[in-house]
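The exercises below are meant to be worked through with the sequence and the coordinates at hand. Try each task before reading the solution that follows.

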Amino acid sequence: MSLPSDRYQILADFGFSLNPDGTGKLDLDKMPNAPATCDPSSENPVLSKDITINKSNNTWARVYLPKKTLIDKTKLPVLVYFHGGGFILGSAASANIQDYCCTTAEQLPCIVVSIEYRLAPDHRLPAAYDDGLEALHWMIKTSTSEPWFRNFADFKRVYLVGLSAGGNLAYHVGQRAAATDRKWTSNQRLPSSSLYKLAQLILVKHYEIGEYVFKRHAENAHGGGAYFIFQGQADACAADDNGNQLQFKKYDYFAHGLFDKLQLVDVIASTKLTCLVLPLQHCTLLHPKSIWSAHKTVDQCSLVERIMHIDPVKVNIFRGITLPDAPIFEKVFGGQIMGQALAAASKTVGCFNLVHSLHVYYMLSGDVTKPITYEVQRVHDGKSFATRSINAIQKGRVIFTMLASFHKEEEGFAHQEVTMPSVPDPETLLSLEELRERYLRDPRLLDPRLPRHYRNTVSSRTFVPWPIEMRFCEPYYLTDQTKDPPRLIYWFRAKGKLSDDQALHRCIVTYASDLVFAAVSVYPHPRRVLRISGVSLDHSMWFHRTVKADEWLLFVITSPCSDNGRGFVTGQMFNRKGQIVVSLTQETLIREVKVPNPAQVSKL
């Protein structure tokens, strides 16, 4: 049965036909393909050729070039085309798509790059999105090695175009490309390990007027790397020899040898010039493997450091998740939100600014199955202090807000009136996991140092170990039928070796501060007759000194009072030298859980 109207002809081109009962069928074998034509002697006004992008994924591009461009040598805009077909049919080799691309390339004129991407049902989204983004990176990578790109493409004018499903693809690829381009260039602080090494590796170079900083296609003439203009000016002359120049001034930066595209210019000193130069072999420090380390990938980091990993989405916006092996309480742990929010803020301040105080409010519980978006507002940037406001957003709602202040360390007056309590050294105490193993072997071996609210937790067969090692100092002989004093003292440190970034260590101390803190406010209230629920309302911290989260810290917690349904706790953290490093407060909502009376059932 033939299709009833010319308006259905496009469906016929894709191999559609109608069954007698009115349903349709698709015959992929009937979809005509057309070969590429790259012979300049042919009569075709547009040349085309196929270039492999990713052999393992069978993705490639058909590139179209107006033949007259071979004569007039003009630079043409680049149109990246994604074909339609509902993500289930069509190909960059389809005859109708080739006709469209040839016509577009000739009439605009432009270079058309038609992308072959993976289709369903063999592949589902986001495979096509991944292929589209990979195609853009491939274009830049081959901008000087592929002759048509090198000689005729103007990569300052690149446009993404698509028909039907291809339009959807063009939109999402564009969004991903924009986010990727900003990932490490959005004024986000490098790890401290990178900064220390950069300070040791930077070279100072001087140039006279008219002297080449580097020449195009002469990679080893003056050495590749990243150049930062400290004094003077320089001109960049484009490779098209049309007299186009770009002027670099004080505090501008440019690179040579990092990207093929940047080999197309000469950079010449227009005044006496002083540059700070990072040699090419060390430029990997500008692209760290994780947000906290230049050399360790996220997978190589300890669990708590991985929990503190957040992904930059765009300027001032980050995304964090709850890892499958992270401890949870049927909701996102409050310390995790605090630590990740502080990590986001820390990545937007200068390298010498460290958090010295923070104040947070919890509004809603977090869903462990959903990512959390952290939006940072740069409230203030001064000479010595910076202020950041951070909102944690999930499902379109703000669940948490933080105000954090950062300070450049400086010399000043110092004193300490508070004294660290005399307690056993952590090496002489058992860890939480060791106490649990003893208890599971013999319930009679319950150690009195284990706080009351932890006893049921550690006895559970599904207990998930914390990424923080804890060793409790004082015995607790009281039971649920008696009142405990509102006081708790324990040693803690992060498990594993952390990256050497003070911002990370303060994030992890923030994370650990919420583990037991609020629970101390219910110690004076027996729970044999009461079922009590507690929810954190706010949390404040002051950092007094440098802190190492992977070294032992003593946490001293007390609860001065509880009233009006709110429990209040204060805390102090000391290092092994007896120096107070952190002061804390928290307020918690404490309510008795009212258990409904069971319905009366007749005994008859």
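**Exercise 1: an aromatic cluster**

F472, Y490, F492, F517 and F555 form one aromatic cluster. The model is a predicted one, in which local features need pLDDT of at least 70 and side-chain atom pairs count only at pLDDT 80 or more, whereas totals for chains, interfaces and linings use all residues. Residues are numbered from 1 along each chain as its sequence is written, and side-chain values use heavy atoms, with hydrogens and water left out.

Task: describe the geometry of the pair F472 and Y490, and state which parts of the chain the pair ties together.

Solution. Begin with the criterion: rings of Phe, Tyr and Trp (its six-membered ring) pair if their centres lie within 6.5 Å, and planes under 30 degrees apart count as stacked, over 60 as edge-to-face and the rest as tilted. A search of the whole structure finds 14 aromatic pairs. One of them joins F472 and Y490, with 5.4 Å from centre to centre and 55° between the planes, and is tilted. Next, place the two residues: F472 belongs to strand 22 (residues 468–472) and Y490 to strand 23 (residues 487–494), so the pair ties together parts that are 18 residues apart in sequence. Strands here (E, at least two residues) and helices (H or I, at least four) are DSSP runs, numbered from the N terminus.

Then consider accessibility, where buried means under 20% relative accessible area, exposed over 50% and partly exposed in between, with a 1.4 Å probe and protein chains only. F472 is buried, at a relative accessible area of 1%, and Y490 is buried too, at 0%. The rings of F517 and F555 have centres 5.5 Å apart and planes at 40°, so this pair is tilted. It links distant parts of the chain, since F517 sits in the loop between helix 12 and strand 24 (532–543) and F555 in strand 25 (residues 553–563), 38 residues apart. Both F517 and F555 are buried.

**Exercise 2: helix 12**

Task: how many residues of helix 12 are buried, and which residue caps its N-terminal end?

Solution. Helix 12 spans residues 502–512, and eleven of its eleven residues are buried, so the helix is largely enclosed by the rest of the structure. Among them are Q502, H505 and R506, as well as L504, I508 and V509. At the N-terminal end, D501 acts as the cap, with a side-chain oxygen 3.0 Å from the backbone nitrogen of A503.

**Exercise 3: an open sheet and a residue within it**

Task: what is the strand order of the open sheet of five strands, and which residues does L79 touch?

Solution. The order is 3-4-6-5-7, with mixed pairing, where two strands pair if DSSP finds at least two bridges between them. Strand 3 (46–54) and strand 7 (153–162) are the edge strands, each pairing on one side only. The twist averages 25° from one strand to the next. Within the sheet, strand 4 (residues 59–66) and strand 6 (residues 111–116) pair in the antiparallel sense over five bridges, and A61 stands opposite I115 in strand 6.

Helix 3 (residues 95–107) lies across strand 3, strand 4, strand 5, strand 6 and strand 7, running at about 40° to strand 4. Helix 4 (residues 127–141) also packs on the sheet, and its direction makes about 110° with that of strand 3. For these angles, axes are lines fitted to C-alpha atoms, for helices over the stretch in contact, and the angles run from 0 to 180 degrees between N-to-C directions.

Turning to the single residue, L79 lies in strand 5 (residues 76–82) and is buried, with a relative accessible area of 12%. Contact means heavy atoms within 4.5 Å; leaving out residues up to four places away in sequence, L79 touches T104, L108, C110, I111, V112, V113, Y159 and V161.

**Exercise 4: the surroundings of H407**

Task: is H407 buried or exposed, and which side chain does it join in a polar contact?

Solution. H407 lies in strand 21 (residues 397–408) and, at 19% relative accessibility, counts as buried. Its side chain and that of E410 are joined by a polar contact of 2.9 Å, a term for a pair of N or O atoms within 3.5 Å; within protein, one must be able to donate a hydrogen and the other to accept it, and residues adjacent in sequence count only if both atoms are side-chain atoms. Beyond its neighbours within four places in sequence, H407 is in contact with residues including F352, H356 and F385.
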